[in-house]
Structure formats: C-alpha cells, structure tokens
Amino acid sequence: MSHQLPSHQLPEHPDWLWRTPDPKRSYDVIIVGAGGHGLATAYYLARNHGITNVAVLERGWLAGGNMARNTTIIRSNYLCEESAALYEHALKLWEVLPQELDYDFLFSQRGVLNLAHTLQDVREGTRRVNANRLGGVDAEWLDPDQVREFCPIVNTSPDVRYPVLGATLQPRAGIAKHDHVAWALARRADAYGVDLIQGCEVTGFLREGDRVTGVRTNRGPISAGRVALAAAGHSSVLADLVGLRLPIQSHPLQALVSELLEPVHPTVVMSNHVHVYVSQAHKGELVMGAGVDSYNGYGQRGSFHLIEHQMAAALELFPIFARAHVLRTWGGIVDVTPDASPIIGPTPIENLYLNCGWGTGGFKATPSSGWVYAHTIATGEPHPLAEPFALERFTTGALIDEHGAAAVAH
Amino acid sequence: MLLIACPWCGEREELEFHYGGQAHVPYPADPEGLSDGEWAEYLFVRDNPKGPFAERWSHAAGCRRWFNLIRHTVTHEILAVQSNRPVAAGQPKPVLP
Ligand SMILES: Cc1cc2nc3c(=O)[nH]c(=O)nc-3n(C[C@H](O)[C@H](O)[C@H](O)COP(=O)(O)OP(=O)(O)OC[C@H]3O[C@@H](n4cnc5c(N)ncnc54)[C@H](O)[C@@H]3O)c2cc1C
Ligand SMILES: [Zn+2]
C-alpha cells in the first residue's frame with residue numbers, strides 16, 4: 001500500500017489512457033453516466049461477464065460529477081448486515097484493485113475514527129462495533145485516551161462543549177485518490193473495447209411498449225439491448241424522461257480543502273454530532289466536509305453557513321488548525337433516499353436498470369457497486385448482495401435504515 | 001445562504017427557517033383503500049425537479065408559521081411566496097403558478 005508518495009511519482013496524465021470514439025448505432029449495454037460507478041460497471045461487465053460491446057455515455061467529462069467532488073473516504077462500518085456486506089465487499093476489492101488495474105491510486109488504509117460526543121453516540125458506536133465484528137468487519141471501540149494515542153491532534157480535553165467520549169475505529173478504512181481510481185477503471189474498460197463517450201447527454205429513451213430499446217442523445221439516437229442508469233444526483237431527472245418516479249431527492253453537498261500543510265493528521269476523523277469530518281490528503285491539504293443543504297437543489301454549490309458551522313466544529317476538535325487557510329470549496333449533487341441506502345436493480349420497465357441513491361457515501365462503494373450492477377445487468381437477476389437494495393423495498397417496507405451509520409446528516 | 005421573505009415577518013436569512021419538502025402533497029382521501037404501492041408513493045416519493053419547485057418552509061426561529069414558496073432548484077431564485085392566511089369568505093383560494 002502506498003503512502004505519502006511525492007507528487008512526481010504520481011501516475012501519468014490521463015489524456016493517454018483511453019480512446020475518444022464516436023458513438024456506434026447500437027450496443028449490447030449502454031451505461032448512462034461516467035462517474036466511478038458507471039466506469040466500474042463497464043469494467044466488471046467486461047472482466048466478469050465478457051460483455052464488451054458497451055458504451056458509457058457522459059454528458060460532461062469523464063468522472064467530472066460527484067466522482068471529482070467527493071472527499072474520498074472509504075470504510076465499511078455500516079450498521080445493517082445488508083450494507084456492511086456490500087461495503088465490505090467493496091473494501092476487499094479496494095485492497096486488490098491497484099494491483100489488478102496496474103495503477104497506483106494511493107489507497108491508504110490509515111483508519112477511520114467516528115467520534116462519540118454524547119451518551120447516545122457511545123451507545124450507537126459500541127452497538128455498531130459489535131454488529132461489525134459479528135459480520136466480519138474490523139472494528140474497535142476506543143476510549144478518549146486511546147483516541148488521543150491514535151490521533152494525537154484531536155482535542156480530547158473534557159472542558160469543551162462536546163467532549164470526546166470515545167470513538168469507533170475501523171483500521172482497514174482510509175482514503176484513495178478519486179480521479180486516479182476513475183482513470184484506472186476507464187483505462188481498463190477502454191482496453192476491453194468499451195466506448196467511453198464524453199459530451200454525450202442522454203435526453204430521452206427509445207421505447208417499444210414497456211421495453212426500453214435505447215436512448216436519445218445530443219449526438220443522435222443509440223439503440224441498446226439494455227440501458228443502465230448510473231447518474232447519481234440526476235437519476236430522477238433521467239427517470240422522469242421515461243415516466244418512472246423514484247424515491248430520491250437531490251441535495252447539494254459541499255466540501256473544502258485547506259492550503260498544503262506538512263503531514264500532521266494520521267487518520268480520518270468523522271464526527272456526526274458536532275458535524276465535521278477531516279482527513280489529510282497525500283499532498284497535504286486538509287479535506288473537510290459536513291452535511292447536505294436541507295433543501296433540494298441542482299446548483300453545484302452549497303450554503304456558506306454550513307461551512308461556518310463545520311469550521312467551528314473543526315476548530316474545537318483540532319485547535320492546531322486555527323491558522324490554516326481555506327483554499328477552495330465546491331459542491332456536488334447527491335441523491336438521497338428515505339432510508340439513506342442505495343437503490344440497485346431492475347425497474348418496472350423492461351431492459352432498464354437502476355443504480356442510484358448512494359447519497360453522500362457512494363465513493364467507498366465504487367468497486368462493489370460496479371460488481372453487483374454488472375452482474376444484475378448481465379444476468380437480468382439481482383446480485384445476491386444487491387437484492388435487498390431493490391426498488392421494491394419501499395413498497396414491502398423492508399427498508400435498510402442507515403441514517404445513523406451514513407455519517408453525514410441528510 | 002437564501003434570503004427568504006416570510007409572509008408575516010418579511011425577509012430573513014435561511015438560517016431561521018426549516019425546510020419541509022414538496023408542497024401540496026395531500027393526505028390520502030381514502031387511506032383504507034390504498035394499495036401498498038400507493039402507500040409507498042405517498043410516503044416516499046416526491047417530485048425532484050430541476051427547475052421551479054413548490055415547497056414548504058417554516059419560519060422556525062421566528063413566527064413559527066408554515067408557508068409555501070416556489071424556488072428554482074438550480075438558480076435558487078424564489079419565484080413566488082404564498083402564505084396560508086385564511087381566505088376571506090367568498091374569495092377564491094390563491095393558486096400557485
Ligand atoms: C462533497 C462530496 C463529498 C463526498 N464524500 C464522499 C466520501 O468521502 N466517501 C464516499 O464514499 N462518498 C462520498 N461522496 C459521495 C460520492 O461522491 C457519490 O456517492 C458517488 O460519486 C456517486 O457515484 P458516481 O461516482 O457514479 O456519480 P457521479 O460521478 O456523479 O457520476 C454520474 C455521472 O452521470 C452523468 N450524467 C448525469 N445525467 C446525465 C445524462 N442525462 N446523460 C449523460 N450523463 C449524465 C454526470 O455528468 C456524472 O458524471 C461525496 C459526495 C460529495 C458531493
Ligand atoms: Zn415569520
């Protein structure tokens with residue numbers, strides 16, 4: 001596992017990594033959206049199922065959506081069995097992918113601390129640690145002294161407004177360099193013959209009765225055996241075009257980075273209660289995020305008062321950041337479901353597949369999202385890990401409520 | 001930060017308000033008669049347009065009253081605000097565009 005690589009050792013420039021073909025008239029599978037999930041799906045369709053007559057259509061530039069905007073935290077310490085299994089499958093794939101894709105995307109298993117500041121946080125945290133251990137996910141409970149030992153810059157003084165009462169630790173969790181993940185997947189998908197087509201917006205669907213037979217785009221109609229949506233924040237805009245209503249609300253979620261600092265922050269620290277999360281990127285920026293804006297929105301920016309709130313929390317937790325300057329803030333559009341869990345699987349419309357609702361936390365799932373989605377598209381049957389995440393759960397009531405473990409308020 | 005005109009208190013910062021999601025979602029007229037699918041639709045599915053959206057806000061840190069407004073979900077421009085003031089007898093109810 002690489003750690004703290006100097007920047008001259010970073011992988012080559014992405015322009016050389018894939019072709020830019022014109023769209024063909026027809027494909028076996030069209031994937032809408034070249035974010036991490038769309039690219040991982042294309043890669044595993046080829047690698048696991050031998051399906052290579054595939055196009056990934058992207059209205060902007062490759063991986064320029066939430067994939068470019070996320071804060072790169074990877075962990076699998078979710079509460080429910082279904083989610084822990086899905087995210088742990090991803091974490092196991094993260095552990096082998098750099099080698100398999102022959103591309104170093106700086107996956108760094110530096111651990112993730114989820115801090116507890118109230119008695120209820122302590123109960124939730126210890127319960128999740130126990131659930132994780134029973135499910136084969138690495139998890140530990142740390143008391144405040146152990147928190148200080150693991151991450152010496154956290155303020156564990158009892159004299160602050162919300163003292164640190166303990167934390168969960170997942171040692172195998174960490175961060176990865178998001179654009180390099182996308183480029184690595186894109187390069188391999190391209191090598192299998194998948195067409196990655198940028199600047200190609202899906203504007204409608206071709207239909208025969210209850211069946212989808214392709215898509216309309218700004219570059220003309222393209223027919224397809226199967227159409228698979230992986231459009232994150234825009235899933236309901238696309239679904240509207242085909243008359244499908246989704247239990248999804250789109251919200252702005254923002255993040256920010258500081259100027260470069262020398263390495264001081266050895267792990268990822270998240271706090272649900274005071275609401276900030278911080279890690280230090282390989283180059284040295286502090287990467288910080290907080291909750292979503294309360295209202296629906298598609299403008300890719302967030303409210304300033306959320307930044308103020310998160311900075312106040314960060315300063316109380318990390319007094320040594322008091323003089324760090326903010327370099328840049330940005331926003332993405334996340335697709336939030338009522339139970340804070342994704343939706344993966346077939347739709348009531350034949351040949352149309354859905355992968356959405358990852359909300360604020362889908363980056364960590366990128367490999368398993370692609371793995372289970374590719375299986376579902378290739379076989380027409382949901383992958384066992386994806387089955388509980390079907391759209392029907394909102395009708396049956398078998399919700400997978402992960403609001404507590406999702407770690408970003410929405 | 002949005003500047004929202006509460007129909008009773010005037011323009012205030014977004015911080016004083018609580019968001020209530022889509023407006024005009026009536027409780028089912030015949031709840032007993034609803035299928036599971038229709039219940040799911042009522043409970044979980046709301047519009048999520050990229051454009052004008054009729055939504056509810058409460059002036060939580062002010063007069064605490066609820067009202068509706070129409071906001072553009074890309075530009076955040078507030079296109080109309082509608083109070084829930086009781087309508088005088090004989091007057092038609094205001095209609096949101
Ligand atoms: C600020 C922020 C911080 C985050 N932090 C984390 C984190 O630390 N850890 C974590 O696990 N997750 C995090 N996430 C969530 C994560 O980024 C998303 O869940 C994940 O990226 C979603 O999958 P994706 O990569 O495929 O989406 P995207 O990268 O958004 O891909 C969807 C693509 O579809 C394209 N598209 C949309 N409509 C059309 C159309 N009509 N035609 C063609 N293409 C279309 C878009 O342009 C976009 O490129 C964060 C998100 C944000 C915004
Ligand atoms: Zn008011």
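This report walks through the zinc site, the aromatic and charge–ring contacts, the nonpolar cores and a few single residues of the structure above. Please keep in mind that the model is predicted.

**The zinc site in chain B**

Let us start with the metal. The zinc ion (ligand 2) is held by four donors, B:Cys6 (SG), B:Cys9 (SG), B:His59 (ND1) and B:Cys63 (SG), at 2.0 to 2.3 Å. The angles among these four donor atoms run from 104 to 121 degrees, and the site is tetrahedral. Along the chain, the donor residues follow the spacing C-x2-C-x49-H-x3-C. B:Cys9 belongs to the loop between strand 1 (3-6) and strand 2 of chain B, while B:His59 belongs to the loop between strand 4 (52-58) and strand 5, so this pair ties together parts that are 50 residues apart in sequence. The two donors differ in their surroundings: B:Cys9 is partly exposed at 28% relative accessibility, whereas B:His59 is buried at 0%.

**Aromatic pairs and charges over rings**

Over all chains, the structure holds 17 aromatic pairs. One of them joins B:Phe17 and B:Phe67 in an edge-to-face arrangement, with 6.0 Å between the centres and 80 degrees between the planes. Here too a sequence separation is bridged: B:Phe17 sits in the loop between strand 2 (10-13) and strand 3 (18-22) of chain B, and B:Phe67 in strand 5 (residues 66-72), so the pair ties together parts that are 50 residues apart in sequence. B:Phe17 is buried at 10% relative accessibility, and B:Phe67 is buried as well, with a relative accessible area of 0%.

Both rings also take part in a cluster that ring pairs build from A:Tyr295, B:Phe17, B:Tyr19, B:Trp57 and B:Phe67. Chain B further offers two arginines whose charged ends sit over aromatic rings, listed here.

| Charged residue | Ring | Distance to ring centre |
|---|---|---|
| B:Arg46 | B:Tyr42 | 5.8 Å |
| B:Arg56 | B:Trp66 | 4.3 Å |

**The nonpolar cores**

The largest nonpolar core counts 56 residues, and A:Ile31, A:Leu62, A:Trp94 and A:Phe105 have the most contacts inside it. Several elements of chain A each supply at least two of its residues, namely strand 1 (26-32), helix 1 (36-49), strand 2 (54-57), helix 3 (81-100), helix 6 (178-191) and helix 9 (366-379). Take A:Leu62 as an example: beyond its neighbours within four places in sequence, A:Leu62 is in contact with A:Trp18, A:Ala34, A:Leu39, A:Trp183, A:Ala186, A:Leu196 and A:Gln198. Another core, of 29 residues, lies apart from the largest one and includes A:Ile30, A:Val242, A:Ile343 and A:Phe394.

**Two helix residues in chain A**

Finally, here are two residues to look up in the viewer. A:Asn132 lies in helix 4 (residues 119-134) of chain A and counts as buried at 2% relative accessibility. Leaving out residues up to four places away in sequence, A:Asn132 touches A:Ser76, A:Asn77, A:Tyr78, A:Val137 and A:Ala139.

A:Glu149 lies in helix 5 (residues 144-150) of chain A and is exposed, with a relative accessible area of 69%. From A:Glu149 to A:Leu352 the C-alpha to C-alpha distance is 51 Å, and the two residues are 203 residues apart in sequence.

Notes:
Residues numbered from 1 in each chain as written. Chains lettered and ligands numbered in written order. Predicted model: local features only at pLDDT ≥ 70, side-chain atom pairs only at ≥ 80, totals over all residues. Heavy atoms only, no water. Phe/Tyr/Trp six-rings, centres within 6.5 Å; stacked < 30°, edge-to-face > 60°. Helix = DSSP H or I, 4+ residues; strand = E, 2+ residues; numbered from the N terminus. Buried < 20%, exposed > 50% of the residue type's maximum accessible area, 1.4 Å probe, protein only. Lys NZ or Arg CZ within 6 Å of the ring centre and 35° of its normal. Core = buried A, V, L, I, M, F, W, Y, C linked by side-chain atoms within 4.5 Å. Contact = heavy atoms within 4.5 Å. Donors = N, O, S within 2.8 Å, 3.2 Å for Na, K, Ca; no water. Tetrahedral: all angles 85-135°; square planar, octahedral: opposite > 155°, others 65-115°.
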